[in-house]
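This report follows the packing of one helix and its surroundings, and then turns to the backbone and to the protein as a whole. The sequence and the model are shown first.

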Amino acid sequence: MTIFLLLSLFLIFMILILIFSTCFYARKSKEHNRMCAKLPSMPQGYLTDLKLSYKLSTLKPKDVLPFIDGILKQYGSLVHFQVLGNSYVLLNDPDDIKVLLSSPQHINKGPEYAFLKPWLNKGLLTSGNQKWHARRKLLTYTFHFKILETYIPTFNKHAQFLAKKLENMASNDQPVSVYNHMTLCALDLVCDTIMGTELRSQEGKSKEYVKAIDTVTDITINRVCKFWLWNKSIFNLSQNGKDFNKSLKILHTFTENVIKNKRAQHESVDCLETEELGFGNL
């Protein structure tokens, strides 16, 4: 009875997947299919796409890039493939990437970027069209050389702390993965320069915030690869969704507190200046 139930559930699952993928295929325009047909592609077909979709769904976040690298080595620096009717194109040639990234027209993001919106909202990374141009224009002056020069002491402080940590670890003659250490250093730099607050994650502080970032990042990659989590309702009901929303609350609370404290500081300074001005008039 148990085996029959499992087989029935598996059959229902496969039927739903076929219906799901058929709907995706049906919504593609003839122009879209015509353009995709011109691209070098992986083998295509329902079963092939399902096999690829299943393979992607079994990958851990750290295995995604090696898997993509394997596809590029097998099929070349430009390859098209489909996951349940969604078309993707992998680029690995610098000249091709340059054409895409330097284009002012091709700035609308793919549907996967919507998974980042609960975290990043409609900022520069997730927006497109006029909103992207407006936000990009506002940020241009932020990265002016004169402004960046004022942050050099901050860059040096965190970089020297990182170098000292790596030097201490290297003295043990043991191999060290620098990924986590570089990530914490970058996080300290971003919070110190952009938010104006010291996170001190390299010193082992703010562990809850750092863990929340790791959780949200890993689950987002996981969601992109697992097609059944694309649906918002299913995702929110899953353990991934619950962990994501819990970590998201930590991240938003931290940001809101930083903004609240900075606003209070500015209001305090404004009040002092007003009082000094009033006293001077007397």
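In this predicted model, the buried residues of helix H10 pack against two other helices, namely H9 (152-170) and H11. The buried set of H10 consists of His181, Leu184, Cys185, Leu187, Asp188, Leu189, Cys191, Asp192 and Thr193. As a general point, an α-helix has 3.6 residues a turn, so residues three or four places apart point the same way. Helix H10 itself has 17 residues, and the distance from its first C-alpha to its last is 23 Å, which is close to the 24 Å expected at 1.5 Å a residue.

The packing of H10 (residues 179-195) on H11 (residues 207-225) can be described through the helix axes, which come within 12 Å and cross at roughly 110 degrees. Because angles of 65 to 115 degrees count as roughly perpendicular, H10 and H11 are roughly perpendicular to each other. On the side of H10 the contact is made by Leu184, Leu187 and Met195, and on the side of H11 by Tyr209, Val210 and Ile213. By residue class, this contact of H10 with H11 comprises six nonpolar residues, with no polar and no charged ones. Leu184 and Leu187, which take part in this contact, are also among the buried residues of H10.

One of the buried residues of H10 deserves separate attention, namely Asp192. Its relative accessibility is 16%, and because buried means under 20%, Asp192 counts as buried. When residues up to four places away in sequence are left out, Asp192 touches Thr154, Lys157, His158, Thr197 and Glu198.

The backbone around H10 and elsewhere has several positive phi values. Most residues other than glycine have a negative phi. Just after H10, Gly196 takes a positive phi of about 70 degrees. Three residues that are not glycine are collected below.

| Residue | Phi | Place |
|---|---|---|
| Asn129 | near 50 degrees | helix H7 (residues 129-140) |
| Ser206 | about 50 degrees | loop between H10 and H11 |
| Leu84 | about 50 degrees | turn of the S1 and S2 hairpin |

Two of these residues can also be described by their exposure: Asn129 counts as partly exposed at 46% relative accessibility, and Ser206 is likewise partly exposed, with a relative accessible area of 28%.

The hairpin that holds Leu84 is formed by S1 and S2, with two residues between the strands. Strand S1 and strand S2 (residues 86-91) pair in the antiparallel sense over six bridges, and within this pairing Val83 has Asn86 of S2 as its bridge partner. Strand S1 (residues 78-83) is largely enclosed by the rest of the structure, because five of its six residues are buried.

At the level of the whole protein, the secondary structure amounts to 13 helices and two strands. Of its 282 residues, 26% count as buried. Among contacts between residues at least 6 apart in sequence, 56% join residues that are at least 24 apart.

Definitions and conventions:
Residues numbered from 1 in each chain as written. Predicted model: local features only at pLDDT ≥ 70, side-chain atom pairs only at ≥ 80, totals over all residues. Heavy atoms only, no water. Axes fitted to C-alpha atoms, helices over the stretch in contact; angles between N-to-C directions. Helix = DSSP H or I, 4+ residues; strand = E, 2+ residues; numbered from the N terminus. Parallel < 35°, antiparallel > 145°, perpendicular 65-115°, else oblique. Contact = heavy atoms within 4.5 Å. Nonpolar A, V, L, I, M, F, W, Y, C, P; charged D, E, K, R; others polar. Buried < 20%, exposed > 50% of the residue type's maximum accessible area, 1.4 Å probe, protein only. Expected span 1.5 Å × (residues − 1). Pairing = 2+ DSSP bridges.
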